[in-house]
Amino acid sequence: MTGELIRFDDKHISVEQMQMCIDRRWRPETHTFHLPCGECTITLEDVHLQLGLPVDEDAVTGSVHSADWGAVCYELLGAIPDNINGGQIEMGWLRDTFLESDDDSTKLEKIRYARAYILQIIGGYLMPNLSRKLVHLRWLLKLVDFRVAGEFS
């Protein structure tokens with residue numbers, strides 16, 4: 001009976017998609033939301049399970065209209081990129097400037113590296129722009145105090 005209701009075109013759910021829905025009941029750890037157009041997206045439960053990030057605390061929101069982004073970078077990262085465009089910096093600059101920290105690094109260098117690394121995660125995966133090549137520095141302002149940042153969803 002179910003096979004009769006399912007049609008193979010872009011307006012109806014396919015047998016494979018129906019099977020995913022059935023499989024999902026048997027695998028409760030999977031929280032991927034499957035769309036009828038053949039695409040899928042993750043849910044907040046995915047973010048929590050895969051990245052270990054809280055999803056029921058304060059949300060990371062707010063906007064920054066104007067800031068001295070060079071001063072922010074210098075204060076929080078210890079370096080200023082050559083090109084800050086509208087509060088955005090290139091992800092490549094972060095990768096090239098903040099190489100992996102080692103055992104000889106000072107505590108301040110490790111904190112700056114951690115901020116740069118988290119900013120890359122935010123810009124590359126969590127809050128990417130369309131090109132995935134730029135990240136807005138407003139997210140860096142959320143990384144001033146790691147104890148507070150750890151409570152954001």
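Contact here means heavy atoms within 4.5 Å. By that criterion, and leaving aside residues up to four places away in sequence, His136 touches Trp69, Gly86, Gly87, Gln88 and Leu119. The model is a predicted one.

**His136**

His136 belongs to strand S4, which covers residues 134-136. Its relative accessible area is 14%, and because buried means under 20%, His136 is buried. Gly86, one of the residues that His136 touches, also takes part in a polar contact: the His136 side chain reaches the backbone oxygen of Gly86 at 3.3 Å.

**Aromatic pairs**

A pair of aromatic rings is described by two values, the distance of the centres and the angle of the planes. In this structure there are two aromatic pairs. Trp93 and Phe98 make up an edge-to-face pair, with 5.7 Å from centre to centre and 85 degrees between the planes. The other pair, Tyr113 with Tyr117, is stacked, because the ring centres are 6.1 Å apart and the planes stand at 20 degrees, where under 30 degrees counts as stacked.

Tyr113 and Tyr117 both lie in helix H6, residues 107-126. They are four residues apart there, so about one helical turn separates them.

The accessibility of the four ring residues is listed below.

| Residue | Relative accessible area | Class |
|---|---|---|
| Trp93 | 18% | Trp93: buried |
| Phe98 | 11% | Phe98: buried |
| Tyr113 | 19% | Tyr113: buried |
| Tyr117 | 44% | Tyr117: partly exposed |

In the edge-to-face pair, Trp93 is buried and Phe98 is buried. In the stacked pair, Tyr113 is buried, whereas Tyr117 is partly exposed.

**Arginines**

Which ring does Arg115 lie over? Arg115 sits over the face of Phe146, at a distance of 5.7 Å from the ring centre.

A second arginine, Arg132, is placed in the loop between H6 and S4. That loop therefore runs between the helix that holds Tyr113 and Tyr117 and the strand that holds His136. Arg132 has a relative accessibility of 47%, so this residue counts as partly exposed. Most residues other than glycine have a negative phi. Arg132 is not a glycine, yet its phi is positive, at about 60 degrees.

Notes
Residues numbered from 1 in each chain as written. Predicted model: local features only at pLDDT ≥ 70, side-chain atom pairs only at ≥ 80, totals over all residues. Heavy atoms only, no water. Phe/Tyr/Trp six-rings, centres within 6.5 Å; stacked < 30°, edge-to-face > 60°. Buried < 20%, exposed > 50% of the residue type's maximum accessible area, 1.4 Å probe, protein only. Helix = DSSP H or I, 4+ residues; strand = E, 2+ residues; numbered from the N terminus. Lys NZ or Arg CZ within 6 Å of the ring centre and 35° of its normal. Polar contact = N/O pair within 3.5 Å; in protein donor to acceptor, adjacent residues only side chain to side chain.
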